[in-house]
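Hi everyone, thanks for having me. Could you pull up the structure on your screens, so that we can walk through it together?

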Amino acid sequence: MLTDPIADYLTRIRNASMAKHKMVEIPSSNIKKEITKILFDKGYILNYKFEDDVFPKQIKIALKYHQSTKEPVLTKLVRISSPGLRKYVAASELPRVLNGLGIAIISTSKGMMTDKEARTLNIGGEVICYIS
């Protein structure tokens, strides 16, 4: 039983990318699926696949590396809001990661989105993690 499955998700991706693995398998949940879609849309991962026909349900993520240096694209994955200390921000206080080069994933009333999308919609929410 995990107390923080999102922190486990981020740690598995971080460890696999630092070990230069091509693929990582993670137990699935709806929040993890939404974070995976955001990572793919923003170009941080190569591809993903949701395997809902197996038990337990899995997410397979193909990690992305720079062509020339073979370094991982995902360099920093930081969990901000945890089950013991939730971090909520208003629309005017949305964080900027690396002056806009990274993204913050925000859980809002309109669903999971990046800080830039939440800023354009002028809504706040719970800051899940920073990614750069």
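Let's start with a question: which side chain meets that of lysine 33 in a salt bridge? The partner is aspartate 52, and the N to O distance is 3.3 Å. Before I go on, please keep in mind that this is a predicted model.

Okay, so where do those two residues sit? Lysine 33 belongs to helix H2, which covers residues 30-41. Aspartate 52 is in the loop between strand E2 (45-51) and strand E3 (58-63). The two are 19 residues apart in sequence, so their salt bridge ties together separate parts of the chain. And are they buried or exposed, or something in between? Lysine 33 has 15% relative accessibility, and because the cut-off for buried is under 20%, lysine 33 counts as buried. Aspartate 52, with 39%, is partly exposed.

Stay with lysine 33 for a moment, since there is a ring to look at too. Lysine 33 lies over the face of phenylalanine 50, at 5.4 Å from the ring centre. So in your viewer, you can find lysine 33 with aspartate 52 as its salt-bridge partner and the ring of phenylalanine 50 under it.

That ring takes us to the aromatics. How many aromatic pairs does the structure hold? It holds two. One is phenylalanine 40 with tyrosine 48, arranged edge-to-face, with 5.3 Å centre to centre and 75 degrees between the planes. The other is tyrosine 48 with phenylalanine 50, and that pair is tilted: 5.0 Å centre to centre, with 45 degrees between the planes. Why tilted and not edge-to-face? Edge-to-face needs planes over 60 degrees apart and stacked needs under 30, so anything else goes down as tilted.

You'll have noticed tyrosine 48 in both pairs. Phe40, Tyr48 and Phe50 make up one aromatic cluster. How much of each can be reached from outside? Phenylalanine 40 is partly exposed at 32% relative accessibility. Tyrosine 48 is partly exposed as well, at 26%, and phenylalanine 50 is partly exposed at 24%.

Back to charges. How many salt bridges are there in total? The structure holds 11, and I'll pick out a couple of others.

Take glutamate 126 and arginine 86, whose side chains meet at 3.0 Å, N to O. This pair links distant parts of the chain, 40 residues apart: glutamate 126 is in strand E8 (residues 125-131), and arginine 86 is in the loop between strand E4 (77-79) and strand E5 (88-89). Glutamate 126 is buried, at 11% relative accessible area, while arginine 86 is partly exposed at 41%.

Now one within a single helix. Aspartate 115 and arginine 119 form a salt bridge, with their closest N and O atoms 3.7 Å apart. Both are in helix H3 (residues 115-121), and because they are four residues apart there, about one helical turn separates them. Aspartate 115 is buried, with a relative accessible area of 2%. Arginine 119 is partly exposed, at 31%. And there's a network as well: salt bridges with shared partners join Glu25, Lys49, Glu51 and Lys60.

Next, a pocket. Which residues line the largest pocket? They are Lys20, Lys22, Leu46, Ala62, Leu63, Lys64 and Tyr65. By type, that lining has four nonpolar residues, three charged ones and no polar ones. The space in this pocket is about 160 Å³.

Last stop: helix H1, residues 5-18, where you'll find threonine 11. Threonine 11 is partly exposed, with a relative accessible area of 30%. Its C-alpha atom is 30 Å from that of leucine 121, which is 110 residues away along the chain. Aspartate 8 is in helix H1 too, and with 18% relative accessibility aspartate 8 counts as buried. From aspartate 8 to leucine 85, 77 residues along the chain, the C-alpha atoms are separated by 16 Å.

That's my tour. If you go back to one spot afterwards, try lysine 33, with its salt bridge to aspartate 52 and its place over the face of phenylalanine 50. Thanks for listening!

Key
Residues numbered from 1 in each chain as written. Predicted model: local features only at pLDDT ≥ 70, side-chain atom pairs only at ≥ 80, totals over all residues. Heavy atoms only, no water. Phe/Tyr/Trp six-rings, centres within 6.5 Å; stacked < 30°, edge-to-face > 60°. Buried < 20%, exposed > 50% of the residue type's maximum accessible area, 1.4 Å probe, protein only. Lys NZ or Arg CZ within 6 Å of the ring centre and 35° of its normal. 1 Å grid on protein atoms, 1.4 Å probe; cavity = no way out; pocket = protein on both sides within 12 Å on 5 of 7 lines; lining within 4 Å. Points joined across faces, edges and corners; volume = space filled by probe spheres on them. Nonpolar A, V, L, I, M, F, W, Y, C, P; charged D, E, K, R; others polar. Salt bridge = Lys/Arg side-chain N within 4 Å of Asp/Glu carboxyl O.
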